[in-house]
Amino acid sequence: MTSDRSTPTDLNDAQLDELFELAGLPLTCEDAPAIRDLARKFLAQAALLRESLPFDAEPTHVFDIAATVRPL
Amino acid sequence: VKQPTIAETGRLLRSGAVTAVQLTETTFQRIDAAASLSAFTTLTRDRAAAAAARADVELRNGIDRGPLHGVPYAVKELIDVAGLATTGQSRLALPPASRDASVVSLLDAAGAILVGKTTTYEFGIEPRPGLDGPFPPARNPHNPDHTTGGSSSGSAAAVAGDLVRIAVGTDTGGSIRGPAVYCGVVGLKPTYGRVPRRGVLPLSPSLDHIGPIAATVAEAAVAFDAIAGHDPDDSASADVDTTPCASSLGNDIAGLRIGYARRWHQDAGEPAIRAALDYAAQALTALGAVVEEVELPDASKFDTVATIILQAEAFALHRETLASHPEAYGKLAYRHLAAGAVLSAADRLHAQRLRRQLTRDLHAQAFTRCDVLLTASVLGTAPRLDDDGRTPNQFRVFPFNVTGHPALALPIGVAANGLPFGMQLISRPFEEALICNLGHAYETQIYQPRARGK
């Protein structure tokens with residue numbers, strides 16, 4: 001993963017390639033256009049998710065289903 | 001001739017009408033004859049022969065390990081078997097596993113006989129079968145031009161093709177339930193943490209589940225009972241006392257409250273499948289259950305959460321080898337793993353926060369009023385192997401990887417193209433016995449698939 005920051009969804013190829021470089025995975029393969037397309041889809045979903053997250057949603061570090069539903 | 005059920009096999013073994021050695025030899029004959037299905041990556045003939053001989057000696061001497069004693073089974077290629085490399089269906093040169101995964105140890109302790117490892121989609125990440133891997137993709141026993149779905153593809157093909165009655169799969173985003181539905185068999189994704197994951201190649205540890213694929217719900221229940229339990233070697237393993245599933249089958253379902261999540265699929269997928277889901281809800285009413293429609297949080301929110309978590313965690317696991325050995329990955333696997341690089345730590349943490357919120361919302365909306373949820377599983381049938389994935393089927397399986405609730409997929413019909421489809425039953429956490437009992441009632445009283453493979 002890249003550093004702890006929000007990722008914009010309208011990055012051009014060069015900006016996207018910079019993200020891959022930073023992650024230690026330079027995009028040099030012939031499949032790079034398909035990888036960029038998929039990356040844009042993931043970034044769009046991440047943006048959607050940020051919009052859906054209530055401001056007061058609990059912080060969490062692990063997923064424990066019993067603890068999550070126990071109060072109910 | 002179809003294989004006997006596990007219960008019938010048990011009777012034959014204990015009466016002396018058949019031996020485990022004979023049963024195992026017959027299983028390998030079936031597997032060899034069905035090689036064109038590509039259900040297996042590796043066969044464990046020597047290990048199986050030794051285990052079968054041991055089972056025969058034990059049973060003759062009155063040592064009875066229970067309903068799986070002497071019964072052949074298979075495990076997905078992502079699961080460690082001592083002495084074999086866990087390749088993830090990739091070209092990565094990995095050393096042989098030094099010990100069996102917990103699930104293999106548990107099944108062996110129950111006297112079951114491992115006959116081999118089954119095909120998967122590479123590392124469980126490919127959205128459709130990659131055609132450039134070291135093993136050919138599994139073919140659907142109902143029509144070999146079609147996929148089995150993934151990623152527990154060979155496990156579903158092996159059961160649907162009547163090669164084994166039970167196989168173990170993994171499910172990070174529906175990878176047990178999707179192939180089970182596409183192949184017309186049963187798949188149980190247990191509660192998160194209910195089946196130990198030590199020795200299983202992870203894809204996304206906070207979403208990964210392990211469970212059985214079986215010819216019937218009754219057999220899935222027997223297999224689940226053998227592999228469920230606490231394991232201190234799995235940090236997510238739950239230490240919870242639960243009711244065994246197999247002994248719960250046959251309980252009366254009169255008065256059971258079932259929430260039908262009809263709105264989750266009312267405008268999606270194939271009309272015949274939507275109609276079959278409505279029929280299933282009505283049929284359960286006829287069995288005495290009380291069925292009412294329930295509203296759930298938007299399914300797409302769960303899909304978004306799951307996608308971000310899965311892609312971020314899978315990239316983190318593969319980051320080093322993607323950089324150092326890109327040639328070891330098939331094109332689709334590399335593409336889907338590498339693209340996760342652009343997600344940030346904040347994105348993953350946001351997804352985990354929303355996950356908790358969605359889990360609470362779904363649980364409150366469904367399980368304060370109902371005992372079991374009935375939902376769609378996959379709103380289409382298995383695509384052709386040469387399908388390019390541009391018009392994918394819609395799935396309703398991801399939500400329960402996000403929430404961790406147990407989910408049972410079982411067949412409810414066959415489409416006009418001859419391929420099966422199914423439904424999903426979900427219960428509160430750790431109540432697998434409830435959905436197995438309900439599924440068993442459905443498969444014995446409402447719908448018995450006539451053709452589970454050919």
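1. A salt bridge here is a side-chain nitrogen of Lys or Arg within 4 Å of a carboxyl oxygen of Asp or Glu. Going by that, there are two salt bridges between chain B and chain A. Keep in mind that we're looking at a predicted model. One bridge to pull up on screen is Asp347(B) with Arg50(A), where the closest N and O atoms sit 2.9 Å apart. Polar contacts across the interface of chain B and chain A come to three residue pairs, with both residues at pLDDT 80 or more.

2. Which parts of chain B do the touching? α9, α10 (331-338), α11 and α12 (399-403) of chain B each put in at least two residues on the side that touches chain A. The most comes from α11(B), with 17 residues. Sorted by class, the residues on that side of chain B are 22 nonpolar, 15 polar and nine charged.

3. Now the extent of the interface. On contacts, 46 residues of chain B meet 43 residues of chain A. The area buried between the two chains is about 4100 Å², and carbon and sulfur atoms account for 68% of it. If you want residues to click on in chain B, try Val342(B), Arg353(B) and Arg356(B): they lose the most area to chain A, together 18% of what that side buries.

4. Back inside chain B, have a look at how α9 (residues 299-324) packs on α11 (residues 345-367). Their axes come within 9 Å and cross at roughly 140 degrees, and the crossing is left-handed. On the α9(B) side the contact includes Phe302(B), Val305(B), Ile308(B) and Ile309(B), while the α11(B) side includes Ala351(B), Leu354(B), Leu358(B) and Leu362(B). Asp347(B) is also one of the α11(B) residues in this contact, and Asp347(B) is the residue that forms the salt bridge with Arg50(A). By class, the α9(B)–α11(B) contact has nine nonpolar, one polar and five charged residues.

5. Two backbone spots are worth a glance. Most residues other than glycine have a negative phi, and most peptide bonds are trans. In chain B, the peptide bond from Gly150(B) to Ser151(B) is cis, with omega near 10 degrees. Ser151(B) lies in the loop between β3 (113-118) and α5 (153-160).

6. The other spot is Asp162(B), not a glycine, yet with a positive phi of about 65 degrees. You'll find Asp162(B) in the loop between α5 and β4 (166-171) of chain B.

Technical notes:
Residues are numbered from 1 along each chain as its sequence is written. Chains are lettered from A and ligands numbered from 1 in the order in which they are written. This is a predicted model: local features need pLDDT of at least 70, side-chain atom pairs count only at pLDDT 80 or more; totals for chains, interfaces and linings use all residues. Side-chain values use heavy atoms; hydrogens and water are left out. Axes are lines fitted to C-alpha atoms, for helices over the stretch in contact, and angles run from 0 to 180 degrees between N-to-C directions. Helices (H or I, at least four residues) and strands (E, at least two) are DSSP runs, numbered from the N terminus. A crossing is left-handed if the near helix is turned anticlockwise from the far one by less than a right angle, and right-handed if clockwise. Contact means heavy atoms within 4.5 Å. Ala, Val, Leu, Ile, Met, Phe, Trp, Tyr, Cys and Pro count as nonpolar, Asp, Glu, Lys and Arg as charged, and the others, Gly among them, as polar. Buried area is the accessible area (1.4 Å probe) that two parts lose on being put together, summed over both. A polar contact is a pair of N or O atoms within 3.5 Å; within protein, one must be able to donate a hydrogen and the other to accept it, and residues adjacent in sequence count only if both atoms are side-chain atoms.
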